[in-house]
Amino acid sequence: MSRLLFEAPELKTVPVKGEDGLYPVHRIFCVGRNYAAHAAEMGVEVDREAPFYFTKSARMLTPSGATIPYPPGTDNFHYEMELVLAIGSPVFKAGRDEALGAIYGYACGLDMTRRDLQLAERAKQRPWDLGKDVENSAVVAPITKAADFGSVGDQRIHLEVNGEVKQDAHLSDLIWKVGEIVSHLSGFYHLAPGDLIMTGTPAGVGPVVAGDRITGGIDGLDAIELTIGEPE
Ligand code: MN
């Protein structure tokens, strides 16, 4: 085997509740506008024809409890509290039931966003990468196995900044349900173990500044926490 010209990037992983082993992350897919009240606050209509997606590099994965620097290039860095799906078996062109069966577990996640850049890109009909594919921006708490969580129903999803509630909704508010998301996305990708899907955020998104502490939770899952540090 040929030698590598430089050291390969460190594999990104997420802990799993009740397991010694770690969940190795391959890809991170994100669903846009999956709560009606959030779409409304962003000034857009919900497209009920099909969900839409953007991606974050797996390199952007950050563990819950971390302190991340306030990122460069923005004056409006936002939190988005989300339910994260972890795929546990290969799934391709699957119906909803098969898709649901491919979900290994669930976790709390934060889709941290340079909102000013995302909106500028959106206005110019350009891709959202500078707004969304931000270093340290895919924060994921430990995964709870699907069998231990049960089914996605009306669990509360919430987020606080410095203890003040900013987002407060229920998973029953999801426009595209988790089985529908995995089924639809599997029509375009060979989804496989290691793929994470961030399912969208409820209303109440807003900015953070250096020194802020974000906490969030979903009933039945490990809570999530993030501290915003000074810019580098
Ligand atoms: Mn999001």
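This note goes through a predicted model point by point, from its metal site to its strands, core and helices.

1. The metal site comes first. The manganese ion has three kinds of entry in its list of protein donors, namely Glu-80 through OE, Glu-82 through OE and Asp-111 through OD, and these lie 2.0 to 2.1 Å from the ion. Along the sequence the donor residues follow the spacing E-x1-E-x28-D. Glu-80 counts as buried because its relative accessibility is 4%, and Glu-82 likewise counts as buried because its relative accessibility is 1%, where the cut-off for buried is under 20%.

2. Strand E15, which covers residues 195-198, is a useful place to begin with the strands, since both of its faces are covered. On one side Asp-195 and Ile-197 are buried, and on the other side Leu-196 and Met-198 are buried. E15 pairs in the parallel sense with strand E3 (residues 27-31) over four bridges, and in that pairing Arg-27 stands opposite Asp-195. E15 also pairs with E8, here in the antiparallel sense and over three bridges, with Ala-86 standing opposite Leu-196.

3. Leu-196 of E15 also belongs to the largest nonpolar core, which has 67 residues and in which Met-112, Leu-196 and Ile-214 touch the most other members. Strand E8 (residues 81-87) gives the most to this core, contributing six residues. As general background, nonpolar side chains in soluble globular proteins tend to be buried together. Leaving aside residues up to four places away in sequence, the contacts of Leu-196 include Val-14, Tyr-23, Val-25, Ile-28 and Phe-29, together with Leu-61 and Val-140. Arg-27 is also among the residues that Leu-196 touches, as are Val-84, Leu-85 and Ala-86.

4. Strand E13 (residues 156-161) is largely enclosed by the rest of the structure, because five of its six residues are buried. On E14 (residues 164-170) it has an antiparallel partner, joined over six bridges, and Arg-156 stands opposite His-170 in that pairing. E13 and E14 form a hairpin with two residues between them, and in the turn Asn-162 has a positive phi of about 50°. E13 is also joined to strand E17 (residues 213-218) by five bridges, and these two strands run antiparallel; here Leu-159 stands opposite Gly-216.

5. Helix H6 (residues 178-185) is likewise largely enclosed by the rest of the structure, since six of its eight residues are buried. The buried residues are Val-178, Gly-179, Ile-181, Val-182, Ser-183 and Leu-185. What covers them includes strands E3, E8 and E15, along with strand E4 (53-56), strand E9 (103-111) and helix H2 (96-101).

6. Which residue of helix H1 can be set beside these buried examples as an exposed one? Ala-40 is found in helix H1 (residues 36-41), and it counts as exposed because its relative accessibility is 56%, the cut-off for exposed being over 50%. Ala-40 and Gly-109 are 69 residues apart along the chain, and their C-alpha atoms are separated by 22 Å.

Key. Residues are numbered from 1 along each chain as its sequence is written. This is a predicted model: local features need pLDDT of at least 70, side-chain atom pairs count only at pLDDT 80 or more; totals for chains, interfaces and linings use all residues. Side-chain values use heavy atoms; hydrogens and water are left out. Buried means under 20% relative accessible area, exposed over 50%, partly exposed in between (1.4 Å probe, protein chains only). Two strands pair if DSSP finds at least two bridges between them. A nonpolar core is a set of buried Ala, Val, Leu, Ile, Met, Phe, Trp, Tyr and Cys residues joined through side-chain atoms within 4.5 Å. Contact means heavy atoms within 4.5 Å. Donors are N, O and S atoms within 2.8 Å of the metal (3.2 Å for Na, K and Ca); water is not among the atoms, so sites may look incomplete.
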